[in-house]
Structures are given as structure tokens and as C-alpha cells.
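Subject: Structure handover

Hello,

I am passing the structure below on to you. My notes on what was found in it follow.

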Amino acid sequence: MIIGHLNALPLAGLPPVLYALLSRPDCTLQALSERDDGRWQPDNAPWFCQIGPAQTQQRAERHTEYHHQWADIQVVLAGEELIYAGARPVGKPDDEERKADLFIARSPAHSVGIRLGAGDFAVFYPEEPHQALCASGAPMTVRKAVFKVPRSMLEV
């Protein structure tokens with residue numbers, strides 16, 4: 001797990017492949033904020049980004065998820081959310097696969113809580129559990145960009 005801000009990328013300690021992705025001119029906070037909602041995938045890119053609004057909820061109402069084949073880079077474009085996360089894999093063979101490579105952890109262990117506002121991002125590697133979209137007060141609508149980066153990009 002890595003936490004940072006789009007306007008301070010050199011301080012985030014990102015691996016070169018993720019630094020290169022987030023350093024692109026079309027991945028600045030302004031460029032992402034101006035992009036229409038929906039899926040965005042540059043030509044020939046192995047990664048894609050889903051942009052749009054989401055509703056935060058009280059922590060008890062949110063699930064914890066993990067992925068085997070994808071890393072998530074979750075960027076808040078507007079609003080604020082809390083994300084709880086753990087650094088150890090929690091996957092069990094009988095976890096629910098809600099959709100392709102989206103597993104719901106039955107007994108998550110979160111060692112960290114993160115408050116993200118506009119421009120802040122968190123990177124969750126494959127197998128790292130994360131409980132996103134938790135309200136930091138009253139539930140609100142946030143606008144996010146969620147990058148899906150294939151595991152193969154990280155294994156070079």
C-alpha cells in the first residue's frame with residue numbers, strides 16, 4: 001500500500017511503472033477532474049481507469065475487497081472518504097467473487113485507516129485488502145478515478 005498526492009508524486013515512493021503512469025499529463029488532478037465519467041483506457045495501454053461518482057457509507061455498511069490480478073490506484077477527485085486497509089493477504093478459498101477478480105473478504109484485518117481528499121491517492125497491490133468509500137462524517141458523494149493496473153505491469 002502506498003499513499004500520496006498527485007501534486008507531490010516524487011514524495012510518494014512509487015515504483016517506476018506507477019510513477020510513470022501517474023506522471024502522464026492526462027493523469028494530473030486537473031486532467032482527471034475534467035474527464036467525463038466512465039471508463040478511460042488510452043490506446044494500447046494495459047491499464048484502464050474508471051471515473052465517476054460514488055456514495056460513501058458508514059464503515060459497518062461497507063465491504064472489504066481484494067484482487068488477485070489487479071492493483072488499484074484510487075484517486076479522490078472531489079469530496080472525502082476514509083479507506084481502511086491491511087498489508088497482509090486475507091483471502092480464503094470460499095470468499096465471494098462478486099465479479100471478475102473482485103473478492104469480498106469475510107474476516108478482514110485492517111491495520112490502517114486513511115483519510116483521502118481531492119488529489120490524494122492510495123495504491124493497493126494484488127492481495128491487499130481495502131475497505132473504500134467509508135464516510136468520514138455524514139455520508140457524501142465523492143468523485144473518484146480508480147486505475148486498474150494488471151499484475152503483469154508490476155512484475156517487470
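Helices and strands here are DSSP runs numbered from the N terminus, a helix having at least four residues and a strand at least two. In that numbering, Val112 belongs to strand S9, residues 112–116. Please keep in mind throughout that this is a predicted model.

The cores

The largest nonpolar core is made of 26 residues. Those with the most contacts inside this core are Leu14, Leu22, Trp47, Ile73, Phe121, Phe147 and Val149. At least two core residues come from each of helix H1 (16–22), helix H2 (29–34), strand S3 (48–55), strand S5 (70–78), strand S10 (120–124) and strand S12 (141–150). Strand S5 contributes the most, namely four residues. A separate core of ten residues lies apart from the largest one, and Val76, Ile83, Ala132 and Val142 are among its members. As general background, nonpolar side chains in soluble globular proteins tend to be buried together.

Trp47 and Met153

Which residues does Trp47 contact, once neighbours within four places in sequence are left aside? The list is Leu21, Arg24, Cys27, Trp40, Gln41, Pro42, Phe147, Lys148, Val149, Pro150 and Met153. Two of these, Phe147 and Val149, also appear with Trp47 among the residues with the most contacts inside the largest core.

Met153, at the other end of one of those contacts, sits in helix H3, residues 151–154. Its relative accessible area is 15%, so Met153 counts as buried, the cut-off being under 20%. Met153 and Trp47 are 106 residues apart along the chain, yet their C-alpha atoms are separated by 8.6 Å. Beyond its neighbours within four places in sequence, Met153 contacts Val17, Pro46 and Trp47.

The largest pocket

The largest pocket holds about 650 Å³ of space. Its lining consists of 26 residues, and Gln50, Glu65, Lys99, Val146 and Lys148 are the ones that lie nearest the centre. Two or more lining residues come from each of S3, S5, strand S7 (96–99), strand S11 (130–134) and S12. S3 has the largest share, with six residues. By type, the lining divides into ten nonpolar, seven polar and nine charged residues. Lys148, one of the residues nearest the centre of the pocket, is also in contact with Trp47. S3, S5 and S12 each supply at least two residues to the largest core, and they also appear among the elements that give two or more residues to the pocket lining.

Cysteines

How many disulfides does the model contain? The count is zero. A disulfide is a covalent bond between the sulfur atoms of two cysteines. Here a pair counts when the two sulfur atoms are within 2.5 Å. The sulfur of Cys27 has its closest cysteine sulfur in Cys49, at 7.0 Å, so the two are too far apart for a bond. Cys27 is buried, with 1% relative accessibility. Cys134 is buried as well, with a relative accessible area of 1%.

Positive phi angles

Asp101 has a phi near 60 degrees, a positive value in a residue other than glycine. Asp101 is placed in the loop between S7 and strand S8 (102–104), and is buried at a relative accessible area of 10%. Leu133 also has a positive phi, near 60 degrees. Leu133 lies within strand S11 and is buried, with 12% relative accessibility.

Val112 and His110

Is Val112 buried or partly exposed? Val112 counts as partly exposed because its relative accessibility is 29%, and buried would require under 20%. Not counting residues up to four places away in sequence, Val112 touches Met1, Ile83, Tyr84 and Ala85. Val112 and Pro10 are 102 residues apart along the chain, and their C-alpha atoms are separated by 22 Å.

His110 is in the loop between S8 and S9. This residue is partly exposed, with a relative accessible area of 23%. Leaving aside neighbours within four places in sequence, His110 contacts Arg59, Thr64, Tyr84, Ala85, Gly86 and Gln131. Tyr84 and Ala85 are thus contacts of His110 and of Val112. From His110 to Pro129 the C-alpha distance is 7.8 Å, with their positions 19 residues apart in sequence.

Regards

How values were computed
Residues numbered from 1 in each chain as written. Predicted model: local features only at pLDDT ≥ 70, side-chain atom pairs only at ≥ 80, totals over all residues. Heavy atoms only, no water. Core = buried A, V, L, I, M, F, W, Y, C linked by side-chain atoms within 4.5 Å. Buried < 20%, exposed > 50% of the residue type's maximum accessible area, 1.4 Å probe, protein only. Contact = heavy atoms within 4.5 Å. 1 Å grid on protein atoms, 1.4 Å probe; cavity = no way out; pocket = protein on both sides within 12 Å on 5 of 7 lines; lining within 4 Å. Points joined across faces, edges and corners; volume = space filled by probe spheres on them. Nonpolar A, V, L, I, M, F, W, Y, C, P; charged D, E, K, R; others polar.
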